Amino acid sequence: MDFNLSEEQRLLRDGAQRYFREQHSFLQYRELIREDQQPDDKHWLSFAELGWHALPVQEQFGGLGFGLVDVAILMEEVGRSLVVDPYLSSTVLCTRLLERAGSLLLREQVLPSVIEGKTVLALAFAEPGKRYETTPETIARHANGSYELHGKKTLVLGGPQADMLLVTAMLDGELALFSVDASAAGVARHDYLLIDRSGCSDVEFQNTVVDKEALVAVGSVATELLDEALDRATIAVSAQILGVMEAALEATGDHVKSRIAFNAPLGKLQAVQHLLAEAFIEVQESRSILYRGLAEFDASARSRRLAASAAKAYIGPSAKQVCGICVQLHGGYGITDEYLVGHCYRKVVLLEKLFGDTFHHTERVASLAFPVVSPS
Amino acid sequence: MNFEFDNNLQTFREEVRDFVSTNLPPDIAWRVQHNGYLGLHEERLAWAKILSKRGWSVPHWPVEHGGTNWSAMYHHVFNEECMKAHAPKPSVQGPYLVAPAIIAVGTEEQKDLFLPAIRGGDHLWCQGFSEPNAGSDLASLRTTATLEGDHYVVNGQKVWTSGAHHADWGFFLVRTSKEERKQQGLTFLLIDMRSPGVTVRPVITIDGEHHTNECFLENVHVPVDNLLGKPGHGWTYAKTLLGHERAASAEIYWSRKWLEAIKQIASQEMLGELPVIANPVHRHKLARLELELRALEYSVLRVLSNEKTNVAHAAINSSLKVRGSELMQRITDVGIEVLGPRALRYFEPGLALHELPDADTWPDYILGKTAAQLALRAATVFGGAREIQKNIIAKTAFGL
């Protein structure tokens, strides 16, 4: 059991920290998300140059074949820098779905383009009023050797930037996954922003015709594919949240040393020290349960589900507590647009609800970790 | 980062499991399972004797003194399996506190005199540090030791000397001189608890049990041979000793055992038509405890496997203590919550199986649950009070 980063992992982390420090500082990030700014794929293309879109993809498709641990290392930095680009949804989640299923032709066409940063993917699976359930009401009908998709999707992360959508639908009563060109006829997209100013869409499929090639997976294959990829995304978002927490806490440690009130730095007050200590403990424990999630991910399907849900169920509320403390210790400034910590707090409010909120994952932990009781 | 478990670990785990199931006396296991948190000194010693025959009573000591040279994961597995089988938790004062100090700075005579008895489970030790006026502020202690020829004469009073009523020996922190800084005049003495002038008086705690004591020292003669290390260096030895078992204060093995027991109880106790564990409120409380413990178990593994970190060790140690102690409190509290009003019956310590009331009305899993919840209200006080630990984190992790 070795928790130390390998040389390769250290290079990955240091390289990411350097890039973000130089190209995605807090001020640069604020410029990026200004209301009047046009979306810009500069960072997306830089990620390609840095090999980050290739990172998790199998080597047979031109990827680097790195594992979930490496994804987590990078995601922590994505969190620390408040990145709004859809790296998690496109590169981590969608490429995982595509590289394990779908025709070879489809994968050989799409994945290299994704790796180059030229094709952005988004997963359309959530539906209005269904929270985190993955069984869709969207249906796929057979139509002259093709398929016709019909239904409504919501909260499609990275929808506005997506070139290709991966869509869940029921086909002959079974779960199926389709790849759909975002600009295809019958795809009606309504774009909006989430609270962190990241792009999101509602997508309506109105008898959208897709050809046979477009069926990526169906039945139990599709179910397992989706479950596994969503569990990975759950771990990845947990790592991202950890990075956000650390950024907030670091800034706050600095703040209380320099901010003077009643003739002394705030940090001299024991009440302040104790809040920081509590936040510190939460960050330590969050990192531990993330590592546990990484360690137990591969053992079995049950182990994977428990690993992912335990990480998310712990880290989500932990981050809200830590970032809440950080806002508190910044006084009024903590809630302003000008200060980092408010952005961190808002970011973890958002991330806590992605890929299953605390309630969802806590319930999952209970069902996986508790003795099974039969009804009396 | 490599999370692959050693294949030999499973073999070792089975070896430990087999040894314990063969050699742990069932009556001791029963008593441990139905105990609260503290006590059971005789049982601890008995188990230490059994372990010492296998060479497993002091696995963490250097090999030349009887340690096993296990890796961190082996220690972890050993502790897990012992706890699961309801083996008594090892006594801390002898094997884990004073022995490492004797090994580090003791004379050869002291090592020969004291270590075999600790290793063999023959001697119990107690710790004489705290005083009525010196708890968290330990350096303010006032017990004095005056050198008179070939012995010290010790006068003063200690408190929270847990196990002193059973102990053969005690390690005491006493003042031998008045210096500019109060830490500088302190000396570490090893005292035979049967020495004339040593009086141990019980301090009963709210769980109704006699775990701890006051210890009065009136003109106690302590041979100079029982000075550990150098006079005036006692504070350094004490600090090292108290910081020694970095991960032990997290108490993950005890908490895991307790939580597993609570989950079982919650599956059997009914709330209306459903078991307590099916009720969403209790279910989520239990799940939350499961999450905190899962995280803490890995926090301990990170320390045990010497994870390289820029974070000060002192801050990590303190985190483990704060989180570990608060988690014990939360677990024991939910433990009585799932029992409902039956948690309110007082059971005298040391009840034998045949003395138990009717099992339909009073299932034996109730025993010890409330005693533990009451006793562990002090978990955030003993072993370094929580507020001091937070000060340490603020200082060492944030430079405040």
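## An exposed acidic residue

B:D150 is exposed, its relative accessible area being 59%, and this value, like every other one in this report, belongs to a predicted model. The residue is found in chain B, in the loop that runs between β2 (144-148) and β3 (151-159). On the surface, B:D150 gathers with B:E109, B:D112 and B:D225 in a patch of negative charge.

## A buried acidic residue without a partner

B:E209 also sits in a loop of chain B, here between β6 (198-204) and β7 (210-223). B:E209 is buried and yet has no salt bridge, since the nearest side chain of opposite charge, that of B:R44, is 9.0 Å away. When neighbours within four places in sequence are left aside, the residues in contact with B:E209 are B:N35, B:V203, B:I204, B:P349 and B:A371.

## Two residues with positive phi

Which residue of chain A, though other than glycine, has a positive phi near 55 degrees? It is A:F262, which lies in the loop between β9 (260-261) and β10 (264-265) of chain A and is exposed, with a relative accessible area of 83%.

In chain B, B:E251 is likewise not a glycine and has a positive phi of about 55 degrees. Its place is in the loop between α7 (234-242) and α8 (252-268), where B:E251 counts as buried because its relative accessibility is 14%, and buried means under 20%.

## Salt bridges within chain A

Over all chains, the structure holds 57 salt bridges. One of them joins the side chains of A:R13 and A:D14, with a distance of 3.4 Å from N to O; A:R13 is partly exposed at 27% relative accessibility, and A:D14 is partly exposed at 32%.

Another salt bridge links A:E352 with A:K320, whose closest N and O atoms are 3.9 Å apart. Because A:E352 lies in the loop between α10 (340-351) and α11 (358-369) and A:K320 in helix α9 (residues 301-329), the pair ties together parts of chain A that are 32 residues apart in sequence. A:E352 is buried, with a relative accessible area of 5%, whereas A:K320 is partly exposed at 30%.

## A salt bridge between the chains

A:E296 and B:R294 form a salt bridge in which the closest N and O atoms are 2.8 Å apart. The pair joins two chains, because A:E296 lies in helix α8 (residues 270-296) of chain A and B:R294 in helix α9 (residues 280-304) of chain B. Both A:E296 and B:R294 are buried.

Methods
Residues numbered from 1 in each chain as written. Chains lettered and ligands numbered in written order. Predicted model: local features only at pLDDT ≥ 70, side-chain atom pairs only at ≥ 80, totals over all residues. Heavy atoms only, no water. Patch = residues over 30% accessible without salt bridge, like charges linked within 9 Å, V, L, I, M, F, W, Y side chains within 5 Å. Areas by Shrake-Rupley, 256 points an atom, 1.4 Å probe, with all protein chains shown as cover. Salt bridge = Lys/Arg side-chain N within 4 Å of Asp/Glu carboxyl O. Lys, Arg positive; Asp, Glu negative; His and termini not counted. Charge placed at Lys NZ, Arg CZ, Asp CG, Glu CD. Helix = DSSP H or I, 4+ residues; strand = E, 2+ residues; numbered from the N terminus. Buried < 20%, exposed > 50% of the residue type's maximum accessible area, 1.4 Å probe, protein only. Contact = heavy atoms within 4.5 Å.
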